[in-house]
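Here are some worked exercises for you to follow with the model open on your screen. Each one sets a task and then walks through the solution.

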Amino acid sequence: MSRAGSEGAAVIVVGGGVTGLSAGWWLARDGTDVLVIEAGAIGSAASGRNGGGCSHHHSPLFLEEQRLWPMLDELLGYPTEFRPNRIRIALDERQFRLYRRALENGARQGYRTDVLDAKQIRALVPFAGEVYGGYFHHFGGHANPHRTVQAYAWALQDHGGRILQHAPVLGFDTRGNRVVGVRTSRSAFACDHLVIAAGPATGALAAQLGVSVPLMSARAEMIVTEPLALMQTGGVDGNGLYGRQTLRGNLAYGGGPHEWVELQDTGGRAYSTVLQGSIARRLRALFPQAAHARVIRSWAGFIENTPDGRPVIDRPASPGNLTIATLSSVGFGLSPAAGRAVRDLVVSGTCGFADLSTLGLGRFAGLEPGWRALQGWLPAAAGGE
Amino acid sequence: MIPPDSRPHDPASVIGKAPPIGEATDLLVIGAGPAGVSAALAAAGRGVRITLVDENPVPSSVMGEEVPLQFGARMSAVVANRNAMLEAVFEANPQLAEALERGIDVRLGTAVWGLFPQRRTTRWIGGHVAGLADAQRAYLLGFKQVIVACGRRDMGLAFQGWERPGVMGASAAYRLAKTYGALDARTAVLLGAGTEALQIADALAAQGVRIAAVIEQAEAAGGPARLLARLTGRGTRVLTGRVIREASGDARGVTAVKVAAVDGLGRDTGRALETLECDTVLLGVGAVAAIELIEASGCAVGFQPQRGGHVPVLDASQRTSLPYVYAAGDCAGIWASKTLSEAVACREGAIAARAALEALGVRGEGEPEEPPVPDWPPRDVALERLAWVRASVLRAPGRPWVCPCEQVTCDDILSLRPPRYLGGQREAAETYGLGSAAPAAVPDPDMVKRLTRAGMGPCQGRRCREQIAALLALAADRPLADVPLATYRPPVRPLRLDQLAQLPESPAMAEHWDSWFGMATQWVPFWRVPSSYAVATRCTGEPGAGE
Ligand SMILES: Cc1cc2nc3c(=O)[nH]c(=O)nc-3n(C[C@H](O)[C@H](O)[C@H](O)COP(=O)(O)OP(=O)(O)OC[C@H]3O[C@@H](n4cnc5c(N)ncnc54)[C@H](O)[C@@H]3O)c2cc1C
């Protein structure tokens, strides 16, 4: 692919979250001239505020997710703090039944899960107390989101790719059936191909090019404790929570209700709320031996969601040089694979390693126009301002 | 309250899950120092419910974490006796008894760890709520108006050995001495010679602490000559153009400091180091407004040199950008004449109280007072902080931790080095360094924090925040005011999991708790996904099954 003039790049990626940065890195690795344009600082949206979980056994990208994470530090040349495997603890029979799905999905794709009894769990998880049972998945795992964002960014630059921060993309220039330029708050850039990977903003940006990407945003939050002695396996969760013990020793967990928001109402900052008490309550029940640990921080983030909760990775028919990637709340773990899929779509129009047919925009052709209200995905009614 | 909402809503969302709020007040006043007490007293007797909370006495285990101030392990054993401490706090502040008599609900030993105002994205909670905690409990308190009068803390400053017991914040020493009667210090040196520092040294000297020396990096002491003369009259040496190069000591803590003479750029002049014997080092290089609650709740904050650094943006009635949140006293700004006269903070409290009462529908008596005006021209706190960090931290031999909780040095920060627990993988990032993570922008302390972990420990960044901001400004050669403020998040006090877990929740919360979005369609494995999606034909599953 040729470079589209000095003020531009062969491929411009809008969005410096994990999806856009991974895509940019994969492209740069191939020698493609790529420029990632980010409205704020890289990873300042959901990509720097998530649970770090990498266990998406329902996804067509699962096998590639599992293949890439264990080698990602080496591929990127920078640490991501990836740690393999996941233990999921059920405190009651119902949780035990619901959590079984991961075993089934994993098994079907060739991955092993051991069923654990209470005694085995207490041996593996020193913070655990009375439990019903659980699972040890010999797949999945977790990584540090901040370090991963930065690792993609540095690796991308090592391969000659460029990143422009604090430059919101405002609009596009088109010629015929093609996007030829990207206008930012700072200056305009020419491009041969455009990737929109702008998280919750993907819908509004794609709409400017006549492409409909149904999306709604939600806020979710997590809590973090002070560092504790390291457990053998950091990826332990369950009891309605997701999360991990970080490599430093902090317990970082989230879960529970999300809040549907109109992004323009949020002022850009995601606040944590009193929900942290409910998260703490469940974490205390999951890890009674860590009840004394002090909670020292919380955070919240805005998450992109499609109507069925499944990612969109697609190349619409028109414009002919556009690729869309938005991950619908599971984008951190899938990012190594999603970036590779985007690279494939940009370069050859199809994904060479996975069947993306369930992630296409075509599935929404018959979606009701009022889908948000029909699904109840509405912000709380006005009042109490 | 939220009006009944008849639209169908996503059962896995927050709607309908507001926590039951057991208690409510009309006016919440946080902090029972001069500003907070005068606000509460000014509003008393006008028919509104007033709740005055103060975190003192702070549980001794929390003090051991250097929260909310850097106590430097100089608490005497009596701090473990909670009843004695409660009595001490009452005795130190006679106005608290008056507040009780006038019907104010006074809660001591109670910290506010979060303010959760109603805003566009938290309508589901149904009102303004504060998170409170005492030594055992954590609970929620509804409020209508809040006056934040949380005071100040001390800027940390690294030098070799500054993590030793005995190195403590000047206001921490004052708190221990004046409020608790529990300061375990005999001979101290004071670092910093501004008004706040000298005032504290003077008060401690009056209580019998020997202040061996005042050490100031600048050519001259910034504080009032009168206070300086009182100290020198008691035998204190004033050493300007000096910094501490090392605090040495034994298991009990500091026994001596080595002092170096520095030039205007903070470089050693080559003169021999002087050793001073002491058991305590008082950090008085910068008084920092305690804005953590204010900032975490979303009030606009700006760097205002005349108010001593980052402070809430206020109108003439001490009101922040959130119309029901006010700030008064040191957390609204620190300047010399305010430090020297309590009346200024009290006036701010009274002004805030009047505005809060009016918002509650109670008309004020007489004309509203004019808000206090900071001294002019302002003292340049930005330059002072930069000079201290340049002379003490950047030039420190032996590379002390700037962030003692996470053991991060100034070099680690400036080269964005990953943390020590990564072992061999640490060096990877060095090829890039500070500029690379955000080229063309002022380095963002939040980004630096995430990559180096500086500021992410149990003291919640209290000891390193200002140093990190100054280091970034020095590295980028930009004014300190250009460095963005690292955000604060609740809980702004470390809170045990089993305490936070006590917050009440509605039955609906437990009935429909899902680890992630509770969308059945999201988790259908790709080999079973139908080729088209519509709401009418989607599959719905049972709650609780998110991954
Ligand atoms: C609390 C929480 C926990 C989570 N836990 C997990 C988990 O455990 N595992 C997992 O896999 N996922 C998890 N997620 C979801 C995951 O974080 C997201 O799916 C993922 O980060 C999406 O990455 P992205 O790059 O597609 O989007 P984003 O991270 O949203 O990045 C998009 C970027 O585009 C930029 N942008 C937007 N508009 C413009 C514009 N006009 N011009 C330029 N740039 C623009 C934004 O500033 C942003 O940086 C969690 C999310 C949250 C909030």
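**Exercise 1. Find the polar contacts of the ligand, and say how far it is covered.**

Step 1. Start at A:Phe332, where a polar backbone atom is 3.0 Å from an oxygen atom of the ligand. This is a polar contact, that is, a pair of N or O atoms within 3.5 Å.

Step 2. Go on to A:Ala46, which has a polar backbone atom 3.2 Å from a ligand oxygen. With A:Thr19 the side chain takes part: one of its N or O atoms is 2.7 Å from an oxygen atom of the ligand.

Step 3. Now the cover: of the 1000 Å² of accessible area that the ligand has on its own, the protein covers 93%. Accessible areas come from the Shrake-Rupley method with a 1.4 Å probe.

Before moving on, a note on the model: it is predicted, with local features needing pLDDT of at least 70 and side-chain atom pairs pLDDT 80 or more, while totals for chains, interfaces and linings use all residues. Residues are numbered from 1 along each chain as its sequence is written, chains are lettered from A and ligands numbered from 1 in written order, and side-chain values use heavy atoms, without hydrogens and water.

**Exercise 2. Describe the shell around the ligand.**

Step 1. Place the ligand: it lies between chains A and B.

Step 2. Count the neighbours, taking a residue as near if one of its heavy atoms lies within 4 Å. The ligand is surrounded by 37 residues, and the closest are A:Thr19, A:Glu38, A:Ser47, A:Val169 and A:Glu304.

Step 3. Sort the shell by class: 19 residues are nonpolar, 15 are polar and three are charged. Here Asp, Glu, Lys and Arg count as charged, and Gly is among the polar residues.

Step 4. Look at the domains: domain 1 and domain 2 of chain A each give at least three residues to the shell.

**Exercise 3. Characterise the two domains of chain A and their interface.**

Step 1. Mark the bounds, which come from an automatic or database domain assignment: domain 1 is 8–50 + 146–214 + 308–382, and domain 2 is 83–142 + 216–305.

Step 2. Take the centres over C-alpha atoms; they are 28 Å apart. In the contact (heavy atoms within 4.5 Å), domain 1 of chain A has 16 residues and domain 2 of chain A has 14.

Step 3. Finish with the buried area, the accessible area (1.4 Å probe) that two parts lose on being put together, summed over both. For these domains of chain A it is about 1400 Å², 63% of it on carbon and sulfur atoms. A:Arg49, A:Pro200 and A:Trp377 supply 42% of the area that domain 1 of chain A buries against domain 2 of chain A, more than any other three residues.

Methods:
A polar contact is a pair of N or O atoms within 3.5 Å; within protein, one must be able to donate a hydrogen and the other to accept it, and residues adjacent in sequence count only if both atoms are side-chain atoms.
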